[in-house]
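Please open the model in your viewer and keep the selection tool at hand. This tour moves from one selection to the next and says what is to be found at each stop.

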Amino acid sequence: MAYSETFKDHIANPRRAGYLDDVNAGAEQTNPVCGDRLQLSLRIKEGRIEAARFLAYGCAPTLACGSVLAEMIEGMSCAEAAALTRQEILQILGGLPSRKQHAAALAIEVLRTALEPSSSSLGPPASRPQ
Amino acid sequence: MTTVRRIYLDHSATTPVDPRVVEAMLPYLTERLGNPSSVHFFGQQARAAVDAARREVARMIGARPNEVVFLSGATEANNLAVRGLCEAAEPHGRHIITSAIEHSSLRGICAALEHRGWSITRLPVYEDGIVRVDDVRAALRKDTVLISIMMANNEIGTVQPIAEIGAMIREERARSHRHLWYHTDVVQAAGRMPIDVESIGCDLLSLSAHKMYGPKGIGALYARRGVRLTPQIVGGHQERERRAGTEAVPAIVAFGRAAQLAVAEMHGRNQQARRLRDRFEAEVTTKIPDIVLNGHREHRLPHISNISFRFIEGEGLLINLDMQGVAVSTGSACSSGTLEPSPVIRALGHSEEKARGAIRFSFGKDNCDEDVDYVIEVLARVVANLRHLSPLAREAQAAI
């Protein structure tokens with residue numbers, strides 16, 4: 001299947017790309033099969049995601065899923081964000097070829113890891129600007 | 001609605017059919033409708049056209065017309081060459097020498113033979129992307145029946161020492177290694193370099209029309225007189241029983257015309273492509289940091305530039321360029337449908353990250369300076385945007 005216009009728009013104009021200075025939650029995941037990396041940094045206040053930023057390295061679906069994820073979770077409560085599924089990301093992107101759907105799974109995985117209490121005081125371990 | 005300017009820089013993938021080629025083939029889609037096997041007027045008219053095209057293709061490579069087998073394209077040519085030869089030569093040995101950077105069709109054929117118990121030696125190419133003749137010699141075994149090395153690589157354009165390898169094979173044969181054959185895939189080189197089967201010393205040579213301004217779906221295999229091949233498609237007498245099936249007359253006629261034009265216009269096309277390519281590379285090097293130009297700087301085809309853009313993946317770059325109207329290609333994993341990054345770039349000894357960031361720009365006879373100006377402007381912007389969201393780029397910056 002071909003990529004949708006929405007998908008291409010996220011590739012050409014990524015939303016919320018970057019890193020938050022005053023991060024108080026975050027995570028990074030690497031896809032062990034293809035080596036794609038997705039990093040998420042969050043500023044959470046009173047159980048709500050005030051701001052979200054992503055960094056990504058890898059194939060285009062990983063970039064697009066990072067962009068969709070960071071955009072959609074801003075303003076959500078942590079509980080709402082934790083309940084998101086990869087299907088919701090895929091739906092926004094107009095679907096992905098089956099062999100590329102792992103990118104949406106990676107996005108959900110990094111989100112859930114970032115929302116775990118143990119990560120709440122940690123920034124993403126790598127890539128933090130010096 | 002604004003119209004996106006379209007710039008095609010993917011001529012190594014395929015080329016547009018030259019209008020003069022279209023003109024030559026059109027009558028064979030309509031009024032000149034014969035089957036070359038028919039004895040009536042229409043059939044003989046088609047037969048004469050196929051024969052004329054065969055002479056043109058043969059002339060392009062310095063072969064005799066009856067040594068040219070028309071078939072569906074380079075993949076089939078490689079299959080007939082390698083599988084056909086190996087099946088016929090199996091009593092003499094089951095070892096093939098090839099390179100690590102052959103076209104995917106050749107790689108796939110070798111992998112299939114390996115699965116059937118054949119032994120395959122895949123020679124390294126080093127950082128410059130070039131096979132060493134000494135390595136070929138050192139890999140020879142008593143049971144080696146085939147050496148298959150491409151003339152020029154499809155991703156990085158590096159030109160291989162195929163005439164020197166041919167000379168070495170002649171020496172080996174003279175030294176009593178009689179059952180040794182030599183195949184070369186010249187698909188990317190045809191129309192870009194003079195090709196002469198005698199100078200190369202090859203027994204088999206693969207060609208495709210659509211890389212040289214001919215149509216898709218037609219190619220040829222040169223098979224030196226006397227070389228035994230097991231046909232891969234049987235059930236008809238066509239092509240001297242080497243490839244069954246009614247000849248694709250319009251496509252064959254087109255191939256003949258494309259070959260004729262390629263020979264006549266090679267010098268001018270090359271000069272134009274080289275000038276644009278070299279200017280493009282000079283500007284990219286100046287305007288975009290952290291790049292690697294892949295492959296030997298001199299021993300390469302004039303129209304190909306392969307560049308690794310550090311810290312980003314080729315597919316995102318390709319999609320962004322496409323949205324700006326620029327068509328290029330990448331051997332990167334996600335675009336090519338595999339999980340491994342380009343084996344060709346990896347064979348240069350580069351890291352996986354450099355291989356994933358490799359993009360091929362291939363120029364054609366209709367590109368112009370304005371195309372280069374536009375692509376440079378778009379490329380610099382897109383690369384910067386992608387690096388902005390790359391954790392690798394940030395890590396590299398932080399490490400400075």
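Select chain A first and consider its contacts, where two residues are in contact if their C-beta atoms, placed from the backbone, lie within 7 Å: of the contacts in chain A with a separation of 6 or more, 64% are between residues 24 or more positions apart. What you see is a predicted model, in which local features need pLDDT of at least 70 and side-chain atom pairs count only at pLDDT 80 or more, while totals for chains, interfaces and linings use all residues. Residues are numbered from 1 along each chain as its sequence is written, and chains are lettered from A and ligands numbered from 1 in the order in which they are written.

Now colour chain A by secondary structure, with helices (H or I, at least four residues) and strands (E, at least two) taken as DSSP runs and numbered from the N terminus. Five helices and three strands appear in chain A, and from the N terminus on they follow the order α-β-β-β-α-α-α-α. Of the 130 residues in chain A, 48% are buried, where buried stands for 20 or more other C-beta atoms within 10 Å of a residue's own, exposed for 12 or fewer and partly exposed for what lies in between, with C-beta atoms placed from the backbone.

Next, select the strands of chain A. They form an open antiparallel sheet in the order β1-β2-β3, in which β1 (25–30) and β3 of chain A are the edge strands, each pairing on one side only; two strands pair if DSSP finds at least two bridges between them. From one strand to the next the twist averages 15°. Between β2(A) and β3(A), which run antiparallel, there are nine bridges, and A:L38 has A:A56 in β3(A) as its bridge partner.

Add helix α5 (residues 102–115) of chain A, which lies across β1 and β2 of chain A and runs at about 145° to β1(A); axes here are lines fitted to C-alpha atoms, for helices over the stretch in contact, and angles run from 0 to 180 degrees between N-to-C directions. Then bring in helix α15 (residues 391–399) of chain B, which also packs on the sheet, touching β2 and β3 of chain A, with its direction at about 85° to that of β3(A). The buried residues of α15(B) are B:P391, B:L392, B:A393 and B:R394, and their cover includes β2 and β3 of chain A together with α13 (352–356) and α14 (369–388) of chain B.

How many residues of chain A are in contact with chain B? There are 21, and they meet 18 residues of chain B. On the side of chain A that touches chain B, α1 (5–12), β2 (37–45), β3 (48–57) and α2 (60–73) of chain A each supply at least two residues.

For the last stop within chain B, select helix α2 (residues 41–61) and helix α9 (residues 249–287), whose axes come within 8 Å and cross at roughly 35°. Among the residues of α2(B) that meet α9(B) are B:A46, B:A49 and B:V50, and those on the side of α9(B) include B:V249, B:I252 and B:F255.
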